[in-house]
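I opened a fresh page for this one and set out to look up the sheet, the helices on it and what lies buried between them. Here is the model I worked from.

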Amino acid sequence: MGKDAKAGGKGKGKQASGSEEAPSKGKGKAGKAADGLGTCTYVKARHVLCEKQGKINEAYKKLQDGWLSNGDKVPPAEFAKIAAEYSECPSGKKGGDLGWFPRGKMAGPFQDVAFNTPVGVTSAPFKSTHGYHIILSEGRKN
């Protein structure tokens, strides 16, 4: 009987290990296409923009303390509060809401992160030509 119990456990393990393939592809095109990231035409996002890295890190730490350290997704309303408090972009007054925007509209690094962050996920801080950003992806469509 012990063997049967183990076999059941192994079956579950196999299913979980099937997902190992995706992360190992890294930023390869195959990985993006397979999960639908990077292939959409429009993204809906919120962001926080700060000129100084210290300030964006402070904003990100608030998000981490509240949600990210628990593995939770940041609720858009809460992200909006952080954007209103920290963002130096005019969109900060609207909770960082950028609405829907097409591929090709935003600067390089911003577009890359916006189009490759899964819906509902908050990006890590990153630098663009405009300063330092955190993005919350809210939607994607073709």
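My entries follow, from the sheet to the cores and then to one loop residue.

**Entry 1: the sheet.** A reminder to myself that this is a predicted model. I looked up the strand order first and found an open sheet of four strands, E2-E1-E4-E3, paired antiparallel. Strand E2 (97–102) and strand E3 (126–128) stand at the edges; each has a single partner strand, so one side of each is left without a neighbour in the sheet. From one strand to the next, the twist averages 50 degrees.

**Entry 2: one strand pair.** I then zoomed in on E1 (residues 42–50) and E2, which run antiparallel and are joined by five bridges. Which residue of E2 is the bridge partner of Lys44? I found Trp100 there.

**Entry 3: helices on the sheet.** I checked H4 (residues 53–66) next, and this helix lies across E1 and strand E4 (131–141), at about 45 degrees to E4. Helix H6 (residues 108–116) also packs on the sheet, where I see it touching E1, E2, E3 and E4. The direction of H6 makes about 40 degrees with that of E4.

**Entry 4: the buried side of H6.** I listed Phe110, Gln111, Ala114 and Phe115 as buried in H6. Why do they sit on the same side of H6? They cover an arc of only 115 degrees around the axis, and that puts them there. I also recalled that an α-helix has 3.6 residues a turn, so residues three or four places apart point the same way. The buried residues of H6 pack against E1, E2, E3 and E4.

**Entry 5: the cores.** I looked up the largest nonpolar core and found 15 residues, with Val48, Leu63, Phe79 and Ile134 having the most contacts inside it. E1, H4, helix H5 (76–86) and E4 are the elements that give two or more residues to this core. I followed Phe79 further: beyond four places in sequence, its contacts include Val48, Leu63, Val74, Gly95, Thr122 and Ile134. There is also a second, separate core of nine residues, and I noted Cys40, Ala45, Phe101 and Phe126 among them.

**Entry 6: Ser123.** My last stop was the loop between H6 and E3, where Ser123 has its place. Is Ser123 buried or exposed? With a relative accessible area of 6%, Ser123 falls under the 20% cut-off and is therefore buried. Setting aside neighbours within four places in sequence, I found Ser123 in contact with Tyr60, Val113, Thr117, Ile134 and Ile135.

Methods:
Residues are numbered from 1 along each chain as its sequence is written. This is a predicted model: local features need pLDDT of at least 70, side-chain atom pairs count only at pLDDT 80 or more; totals for chains, interfaces and linings use all residues. Side-chain values use heavy atoms; hydrogens and water are left out. Two strands pair if DSSP finds at least two bridges between them. Axes are lines fitted to C-alpha atoms, for helices over the stretch in contact, and angles run from 0 to 180 degrees between N-to-C directions. Contact means heavy atoms within 4.5 Å. A nonpolar core is a set of buried Ala, Val, Leu, Ile, Met, Phe, Trp, Tyr and Cys residues joined through side-chain atoms within 4.5 Å. Buried means under 20% relative accessible area, exposed over 50%, partly exposed in between (1.4 Å probe, protein chains only). The arc is that of the directions from the helix axis to the C-beta atoms.
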